[in-house]
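Subject: Structure for you to look at

Hello,

Please find below the structure I said I would pass on. My notes on it follow directly after.

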Amino acid sequence: MESKINLAREKLKITYPLKDKQIETLKALDLGNDCISILPTGYGKSLIFQMLPWVLMKDEPGIVIVICPLTSIMQDQVMTLKEKGIRTSFVNLQGTVAYSYNSDNEDSDESKPQTVNMEMIKSGDIEILYSHPEAMFTPVLSRILRRKVFQQKVCCIAVDEVHMIEEWGEDFRPKFKQIGELTALFPNAAHLAVTATATPSCIQSLSKILQYINPTIIKVNPDRPNLFLEIKTRLSNLQKFSKYDDIVVPLAQELKTKREKFPLTIVYVESLEALGYFYQFINYELKEEQYIGEAIPENRIFGQFHKDYTSQMKQHILFELRKEEPKLRLVLATVALGMGLDAPAITRIIHCRPPTTLEKYFQEVGRAGRKGQKAEALMYYNNNDLAKNRKGLSDAMVQYCKTKDKCLRLQLLQYFGFNETKFNGPMYECCSYCRQLQ
Ligand SMILES: [Zn+2]
């Protein structure tokens with residue numbers, strides 16, 4: 001197996017050492033076990049299935065089919081793999097067209113995907129094939145999957161972002177719940193599911209849906225010790241707008257005084273209406289002081305991000321956030337800000353209202369402190385936010401918000417199945433509960 005791993009490293013041009021849980025997953029699959037790996041964002045989950053055409057190869061490299069719910073993720077991975085010379089493409093939602101990128105044609109626009117001849121895929125001339133779950137069940141692909149060459153060459157069915165089966169599977173994208181049929185269609189291939197977060201009960205139900213037999217569960221404690229966790233109450237909804245003032249007044253003041261020293265902050269607001277209120281308030285408070293340098297939009301120190309915003313301005317925000325020291329210091333955002341966000345310098349996430357689940361919360365606060373710098377996650381709630389009639393609100397979130405007698409970090413990680421989490425730093429850097437004990 002060692003030599004196959006080395007071959008895969010060579011193919012994917014991996015120069016750094018693999019991590020323990022990556023190796024553990026590869027070994028479990030090599031032994032023929034079904035495997036669910038829960039590895040935090042940034043750990044290198046996709047590298048595992050990308051290595052499999054060579055790690056699990058017999059006489060020649062196998063085919064890995066990657067089921068992924070998001071086109072943007074597939075595009076990113078196919079583009080990077082093509083640069084390394086890997087034979088790979090992704091199929092559209094309808095299962096009718098396959099796309100890839102042209103890495104050798106200098107004149108072509110590299111950022112635009114190009115169609116791939118389906119015949120090539122039919123003949124099994126591919127190493128990694130990405131697809132939406134829906135496409136796998138369309139007539140064209142169903143037929144391809146049943147071809148002899150596929151039955152012989154497919155060495156792994158990998159499901160990326162598998163937690164979305166639970167999140168989206170019910171009515172939004174029902175085909176998610178059928179992925180288990182693919183497991184059954186390739187009984188001799190390896191079966192792998194990866195995600196960043198999953199609770200013990202979620203793992204159990206996933207394993208059932210995927211039709212895994214006695215799967216090996218591999219997981220890393222997702223604790224982020226550099227992240228200080230805090231919960232505060234906010235005013236009741238009876239005050240239409242002034243309920244936000246406890247949050248926005250100190251923020252605007254801090255931004256006005258610290259300016260480029262203001263800790264890079266994302267404020268998640270509950271609605272466009274709330275976003276507008278925050279934006280106007282800060283705008284009014286800062287007036288001409290809202291720019292660093294010339295008074296042009298690119299120099300503004302705060303911004304907004306939501307789905308109705310122009311794509312040009314959204315691009316600008318994402319571009320700024322990618323920098324080590326952006327001029328932009330505060331972004332007011334709805335949940336639309338998240339996918340494709342690569343923002344190492346974020347040091348504070350503020351939730352004006354709790355997300356509905358701890359999974360979402362954990363994913364969102366995980367965007368702060370990516371470089372390991374000290375970071376903060378502050379969440380506000382009022383009783384309306386935790387009302388029984390709020391759609392999708394989980395009991396675990398209600399419990400978490402109302403925590404009065406327990407470390408927040410421990411409470412959060414226990415939910416994800418890590419009962420033994422210990423915080424090694426000084427107590428006042430752990431969470432608001434631990435801080436007030438001192
Ligand atoms: Zn604590």
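The secondary structure of the protein chain consists of 17 helices and 15 strands. The radius of gyration is 24 Å, close to the 22 Å that the globule rule gives for 438 residues, so the chain is as compact as a globular protein of that length. Please keep in mind that this is a predicted model. Along its principal axes, the C-alpha trace spans about 65 × 55 × 40 Å. Of the 438 residues, 39% count as buried. Among contacts between residues at least 6 apart in sequence, 71% join residues at least 24 apart.

Domains

The chain is divided into domain 1, residues 2-219, and domain 2, residues 227-437. Taken over C-alpha atoms, the centres of domain 1 and domain 2 are separated by 33 Å. Where the two touch, seven residues of domain 1 are in contact with nine residues of domain 2. On the domain 1 side of this contact there are two nonpolar residues, five polar residues and no charged residues.

The nine-stranded sheet

The chain contains an open sheet of nine strands, in the order 5-4-3-6-2-7-8-1-9 and with mixed pairing. Strand 5 (114-116) and strand 9 (216-219) stand at the edges; each has a single partner strand, so one side of each is left without a neighbour in the sheet. Neighbouring strands of this sheet are turned against each other by 25° on average, direction ignored. As background, strands of a sheet pair through backbone hydrogen bonds, either parallel or antiparallel.

I looked further at strand 2 and its two partners. Strand 2 (residues 63-67) runs parallel to strand 6 (residues 128-131), and four bridges join them. Within this pair, isoleucine 65 has leucine 129 of strand 6 as its bridge partner, and valine 66 stands opposite tyrosine 130. Strand 2 is also joined to strand 7 (residues 154-159), by five bridges and again in parallel. Here valine 64 stands opposite cysteine 156, while isoleucine 67 has valine 159 as its bridge partner.

How much of strand 2 is covered? Five of its five residues are buried. In a regular strand the side chains alternate between the two faces of the sheet. In strand 2, Ile63, Ile65 and Ile67 are on one side and Val64 and Val66 on the other, and all of them are buried, which leaves both faces covered.

Strand 7 is mostly covered as well, with six of its six residues buried. Besides its pairing with strand 2, strand 7 pairs in the parallel sense with strand 8 (residues 190-195) over four bridges. Cysteine 156, which stands opposite valine 64 of strand 2, also stands opposite alanine 190 in strand 8.

Individual loop residues

Three residues in loops are worth listing. Most residues other than glycine have a negative phi, and two of the entries concern exceptions to this.

- Glutamate 161 lies in the loop between strand 7 and helix 8 (164-168). This residue has a positive phi of about 50° although it is not a glycine. Glutamate 161 is partly exposed, with 18 other C-beta atoms within 10 Å; a count of 20 or more would make a residue buried.

- Lysine 287 lies in the loop between helix 12 (272-286) and strand 12 (302-305). Its phi is also positive, at about 40°, and lysine 287 is not a glycine either. With 8 C-beta neighbours inside 10 Å, lysine 287 counts as exposed, the cut-off for that being 12 or fewer.

- Lysine 391 lies in the loop between strand 15 (375-381) and helix 15 (395-401). This lysine has 5 C-beta neighbours inside 10 Å and therefore counts as exposed. Its C-alpha atom is separated by 7.9 Å from that of threonine 356, and the two residues are 35 residues apart along the chain.

If you want a place to begin, I suggest strand 2, which is joined to strand 6 by four bridges and to strand 7 by five.

Regards

Conventions:
Residues are numbered from 1 along each chain as its sequence is written. This is a predicted model: local features need pLDDT of at least 70, side-chain atom pairs count only at pLDDT 80 or more; totals for chains, interfaces and linings use all residues. Two strands pair if DSSP finds at least two bridges between them. Helices (H or I, at least four residues) and strands (E, at least two) are DSSP runs, numbered from the N terminus. Axes are lines fitted to C-alpha atoms, for helices over the stretch in contact, and angles run from 0 to 180 degrees between N-to-C directions. Domain bounds come from an automatic or database domain assignment. Ala, Val, Leu, Ile, Met, Phe, Trp, Tyr, Cys and Pro count as nonpolar, Asp, Glu, Lys and Arg as charged, and the others, Gly among them, as polar. The radius of gyration is taken over C-alpha atoms; the globule rule is 2.2 Å times the number of residues to the power 0.38.
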